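I opened a new model today and kept notes as I went. The entries follow the order in which I looked things up.

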Amino acid sequence: MPGQVITVDRKKYAVGLFWQPTGAGYVARTYARTLARSIDKKLNLYTEYRAMVGLGGKKLGHHSGMESAAAAITDSFGEYTSFLAVFAVDKFWYLVAVRNGVILEDKLFEKEQDARSEYFKLSEIPDWGAVFAPGAWGMPRAVERNISDVLNRSARSVLRPISHVRAGVVSAVLAVVFAVGLLWFFREPINQMIVSQNQAGADGAPVVTEYEQEMAQKERELIQQFETVPPPAPDPIVLPYDYLPDVTQRAEICYKAIALLMQPVTGWQQVSAECGEEYASVVFNRDTYGTLGGFEQVAAQIMPGAFMQQESDNSLYVRVALPQVATVASLDERDIETLSRAVLTEFQNANMSVDVQMVTDTLSNGVETISLDILEVAAESKLNPMQFMHIFSEFGGVYMTRCVWNASTRNWNYEVIIYAK
């Protein structure tokens with residue numbers, strides 16, 4: 001099977017992801033980690049798209065920051081809740097199938113016959129909203145489309161490491177390789193000089209000039225220096241709980257940023273708003289009387305500094321950067337099992353449902369390794385961010401990584417992590 005990566009307009013996209021719907025209240029990263037452990041531990045990357053997670057891995061040619069082709073195509077076909085499509089990409093065949101908003105198939109085939117066979121099998125499912133296939137296949141109802149025309153360039157679904165913590169690695173091996181490379185680089189001119197010296201001696205001429213002797217000595221000293229100087233010591237490991245955003249400030253900034261983005265615009269309907277680690281964003285859908293030009297005029301006045309991106313003729317994505325928040329060093333002094341019980345007790349006292357997961361992440365600088373016990377908390381609530389985070393007022397090591405406002409249900413979804421001792 002080919003590597004599950006395609007290149008369109010000189011940009012690489014991830015395909016062949018393992019997609020799975022997520023339930024309400026689940027933390028996407030936690031769910032992705034659980035899936036990877038049960039399916040293949042080498043699936044170390046994930047993306048969150050709508051109510052799904054997609055798993056990928058370096059063994060498939062994927063890397064962090066790569067966009068999902070299936071998600072980009074699904075966004076482009078926003079008017080269809082179900083579609084079946086095959087595209088010719090280079091020498092391969094890419095098939096993507098979406099059913100009722102859920103990605104069923106996302107796969108790259110090396111042989112056209114294999115792609116055609118899979119397409120036939122899926123086409124037997126009734127009531128596809130649209131079907132796309134190469135014209136040469138002669139498929140009933142199928143329309144031929146070029147994949148470069150249907151890839152939404154919004155970059156809304158990108159692969160990220162499943163682990164919370166990116167290991168900081170300083171490669172002492174590279175330093176050694178560099179030193180050895182220099183050694184071999186300077187060895188050749190030394191060998192040539194020795195050969196020329198021997199030839200000169202045989203002819204009865206002076207062996208070397210004073211200048212050549214000095215140059216040879218300097219080269220020997222340089223080689224000796226790289227052979228004897230040890231590689232630099234690795235940087236110390238930075239512990240994430242030493243630089244956590246202030247809980248109260250973080251909650252207030254998220255609330256204000258979402259309030260800024262969720263202001264009413266005539267002819268446009270807010271769908272949902274999200275506060276992530278660096279940006280707050282909102283999705284607007286067009287009503288009957290809305291226009292793109294009208295939205296831009298109003299947004300320029302009520303959303304200063306916002307970045308707007310057209311998702312489709314009837315959808316807009318708006319984003320603002322979050323200001324910096326004061327950081328504090330904070331760590332809960334309880335072990336993770338005791339911490340988990342304490343969090344469950346707080347939510348039981350508040351009569352609220354909560355999903356709690358205990359995970360372990362690893363930090364490394366290439367020499368030493370530190371394991372971190374982290375409690376992941378996910379909950380749906382009517383409370384605004386300031387009210388919700390007050391539940392954690394007696395806990396240390398708290399960080400709200402994400403909150404989402406759903407305009408239709410008028411509920412908040414929260415993702416919080418707590419670093420345990």
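**Entry 1: the disulfide**

Which residue does a disulfide join to Cys-254? I looked it up, bearing in mind that this is a predicted model. The partner is Cys-275, with the sulfurs 2.0 Å apart. I searched for further links and found that the structure holds one disulfide. I checked the handedness next. The torsion about the S-S bond is -60 degrees, which makes the link of Cys-254 and Cys-275 left-handed.

What does the pair tie together? Cys-254 sits in helix H7 and Cys-275 in strand E13 (residues 268–275), so the link fastens parts that are 21 residues apart in sequence. I also checked exposure, and both Cys-254 and Cys-275 are buried.

Then I turned to Cys-403. It takes part in no disulfide. Its nearest cysteine sulfur belongs to Cys-254, at 4.3 Å. A disulfide needs the sulfurs within 2.5 Å. Cys-403 is buried too, and its relative accessible area is 0%.

**Entry 2: Arg-250**

I stayed with helix H7 (residues 247–261), where Arg-250 is placed. Which side chain of opposite charge is nearest to Arg-250, and how far away is it? I found Glu-277, at 6.5 Å. Arg-250 is buried yet has no salt bridge. The cut-off for a salt bridge is 4 Å.

I looked for a backbone partner instead. The Arg-250 side chain reaches the backbone oxygen of Thr-401 at 3.2 Å. I then listed what Arg-250 touches, leaving out residues up to four places away in sequence. The list includes Cys-275 of the disulfide. Gly-276 and Glu-277 are among the others. So are Tyr-399, Met-400, Thr-401 and Arg-402. Pro-245, Leu-322 and Val-325 are on the list as well.

**Entry 3: strand E13 and its neighbours**

I followed Cys-275 back into its strand. Which strands pair with E13? I noted two. Seven bridges join E13 to strand E14 (residues 279–286), and the two run antiparallel. A hairpin of three residues connects E13 to E14. Four bridges join E13 to strand E20 (residues 398–406), again antiparallel.

I used Ala-273 as a marker. It stands opposite Val-282 in E14. Its bridge partner in E20 is Trp-405.

**Entry 4: strand E7**

Is strand E7 (residues 83–89) mostly buried or exposed? I counted six of its seven residues as buried, so the rest of the structure largely encloses E7.

I checked its pairing next. Seven bridges join E7 to strand E8 (residues 92–99) in antiparallel fashion. One pair there is Ala-88 with Trp-93. Three bridges join E7 to strand E10 (residues 130–132), and this pairing is parallel. Phe-83 has Ala-130 as its bridge partner in E10.

The turn caught my eye. The hairpin of E7 and E8 has two residues between the strands, and Asp-90 takes a positive phi near 55 degrees.

**Entry 5: two more positive phi values**

I looked at Asp-9. Its phi is near 55 degrees, positive in a residue other than glycine. Asp-9 lies in the loop between strand E1 (5–8) and strand E2 (11–14). It counts as exposed, at 54% relative accessibility.

Where is Asn-351 found? I traced it to the loop between helix H9 (336–349) and strand E18 (355–364). Its phi is near 60 degrees, also positive in a residue other than glycine. Asn-351 is exposed, with a relative accessible area of 73%.

**Entry 6: the sheet with E1**

Asp-9 led me to its flanking strands. Four bridges join E1 to E2, which run antiparallel. Ile-6 stands opposite Tyr-13 in E2. I wrote down the sheet order as E1-E2-E6, an open sheet of three strands with mixed pairing. Which strands stand at its edges? They are E1 and strand E6 (67–68); each has a single partner strand, so one side of each lacks a neighbour in the sheet.

**Entry 7: the whole chain**

I closed with totals. The secondary structure of the protein chain comes to 10 helices and 21 strands. Of its 421 residues, 43% count as buried. I also looked at contacts with a separation of 6 or more: residues 24 or more positions apart account for 64% of them.

Key. Residues are numbered from 1 along each chain as its sequence is written. This is a predicted model: local features need pLDDT of at least 70, side-chain atom pairs count only at pLDDT 80 or more; totals for chains, interfaces and linings use all residues. Side-chain values use heavy atoms; hydrogens and water are left out. Buried means under 20% relative accessible area, exposed over 50%, partly exposed in between (1.4 Å probe, protein chains only). Lys and Arg count as positive and Asp and Glu as negative; His and the chain ends are not counted. A polar contact is a pair of N or O atoms within 3.5 Å; within protein, one must be able to donate a hydrogen and the other to accept it, and residues adjacent in sequence count only if both atoms are side-chain atoms. Contact means heavy atoms within 4.5 Å. Two strands pair if DSSP finds at least two bridges between them.
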